[in-house]
Amino acid sequence: MRRLLLLLAILIAAYAGYPYLTLYWLDQALLNDDQEALERLVDFPQVRADLKAEMKGHLLEKAAEVKEKRPILGTFGEALTKLFAPDLVDSSVDGMVTPEAILNNPTVVEHRKKDESFVDFITYAFFTAPARFIFDLKDPEKPDSPTVTAIMKLDGFRWRVVGVEVPPLEQLLSKVP
């Protein structure tokens, strides 16, 4: 009985620690410029699809708000948004959410050169369900920077990043220099 309880405790500890180990592997993939590891740890097609849908929703929501405040201008703006936003968002996300783009991001390259971990960027990391784990990322050098939430799910026997939640457009745009 004691061995069974010990085995159960070990399994629970391994399960609870596994997503944190995955975060460590993500950090190492970024620091070592390891594209293969990054592709194993991140479901890029799923992240791109979720991010596209989220960004399109934000843009259409903002266009609808403008339409309410300024009916004539807003109607024109909403029509343009519906016409051009999907292609613009698709091409932007397709270009930015790739292993190559992430590994060549100036912040990632700078940390790689200095051999500095990205652990400082993580402000929160915990389970939200038995097979779902989230972690919040924020630039530690800029306290007013927006928080981005990454979502990991248990995919078979491994944790993978499957989504990214970005802050509302107003928050992102207010931080542009």
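Here are some questions and answers about this predicted model.

Me: Which order do the helices and strands follow along the chain?
Reply: Happy to start with the overall plan! The chain has 7 helices and 4 strands. Read along the sequence, the pattern is α-α-α-α-α-α-β-β-β-β-α.

Me: What share of the residues in the chain is buried?
Reply: Let's begin with the outside: the chain exposes about 11,500 Å², and carbon and sulfur atoms supply 63% of that area. A residue counts as buried when its relative accessible area is under 20%. Among the 177 residues in the chain, the buried share is 32%.

Me: Which element gives the most residues to the largest nonpolar core?
Reply: This core has 30 residues, and those with the most contacts inside it are Leu26, Leu38, Val42, Phe133 and Phe135. The elements that give two or more residues to it include the helices α1, α2, α3 and α4, and also the strands β1, β2, β3 and β4. With 5 residues, the element that gives the most to this core is α1.

Me: Which residues does Val42 contact, leaving aside its neighbours within four places in sequence?
Reply: Val42 is a good one to pick out, as it is among the residues with the most contacts inside the largest nonpolar core. Its backbone oxygen also lies 3.1 Å from a polar atom of the side chain of Arg160. With neighbours within four places set aside, the contacts of Val42 are Leu26, Val47, Arg160 and Val161.

Me: Is Arg160 buried or exposed?
Reply: Find Arg160 in strand β4, which covers residues 158-165. Not counting residues up to four places away in sequence, Arg160 touches Glu39, Arg40, Leu41, Val42, Asp43, Ile151, Met152, Lys153 and Asp155. Its relative accessibility is 11%, and the limit for this class is under 20%, so Arg160 counts as buried.

Me: Which residue meets the side chain of Arg160 in a salt bridge?
Reply: Side chains of opposite charge can pair when their charged atoms come close. For Arg160, the N to O distance in the salt bridge is 3.7 Å. The partner has 38% relative accessibility and counts as partly exposed. That partner is Asp155.

Me: How many residues apart in sequence are Lys52 and Asp94?
Reply: A search of the whole structure finds 5 salt bridges. One of them is formed by Lys52 with Asp94, the closest N and O atoms being 2.7 Å apart. Lys52 is buried at 17% relative accessible area, while Asp94 is partly exposed at 34%. Lys52 sits in helix α3 and Asp94 in helix α4, so the pair links distant parts of the chain, and the separation is 42 residues.

Me: Which strands does the salt bridge between Arg132 and Glu165 tie together?
Reply: The side chains of Arg132 and Glu165 meet at 4.0 Å, N to O. The two residues are 33 apart in sequence, so this pair ties together separate parts of the chain. Arg132 counts as partly exposed at 27%, and Glu165 is partly exposed at 37%. The strands are β2 for Arg132 and β4 for Glu165.

Me: How far apart in space are Thr128 and Met152, C-alpha to C-alpha?
Reply: Thr128 is in strand β1, and at 40% relative accessibility it counts as partly exposed. Leaving out residues up to four places away in sequence, Thr128 touches Phe133 and Ile134. Thr128 and Met152 are 24 residues apart in sequence, and their distance in space is 10.0 Å.

Me: Which residue takes a positive phi just after helix α6?
Reply: Both ends of this helix, residues 106-114, are worth a look. At its start, a side-chain oxygen of Asn105 reaches to within 2.8 Å of the backbone nitrogen of Thr107. Just after α6, a positive phi of about 55 degrees is taken by Asp115.

Me: What is the area of the nonpolar surface patch that includes Leu4?
Reply: Leu4 is in helix α1, residues 2-31. Its relative accessible area is 56%, and the limit for this class is over 50%, so Leu4 is exposed. The patch is made by Met1, Leu4, Leu5, Leu7, Leu8, Leu11 and Ile12, and its area is about 780 Å².

Terms used:
Residues numbered from 1 in each chain as written. Predicted model: local features only at pLDDT ≥ 70, side-chain atom pairs only at ≥ 80, totals over all residues. Heavy atoms only, no water. Patch = residues over 30% accessible without salt bridge, like charges linked within 9 Å, V, L, I, M, F, W, Y side chains within 5 Å. Areas by Shrake-Rupley, 256 points an atom, 1.4 Å probe, with all protein chains shown as cover. Buried < 20%, exposed > 50% of the residue type's maximum accessible area, 1.4 Å probe, protein only. Polar contact = N/O pair within 3.5 Å; in protein donor to acceptor, adjacent residues only side chain to side chain. Contact = heavy atoms within 4.5 Å. Core = buried A, V, L, I, M, F, W, Y, C linked by side-chain atoms within 4.5 Å.
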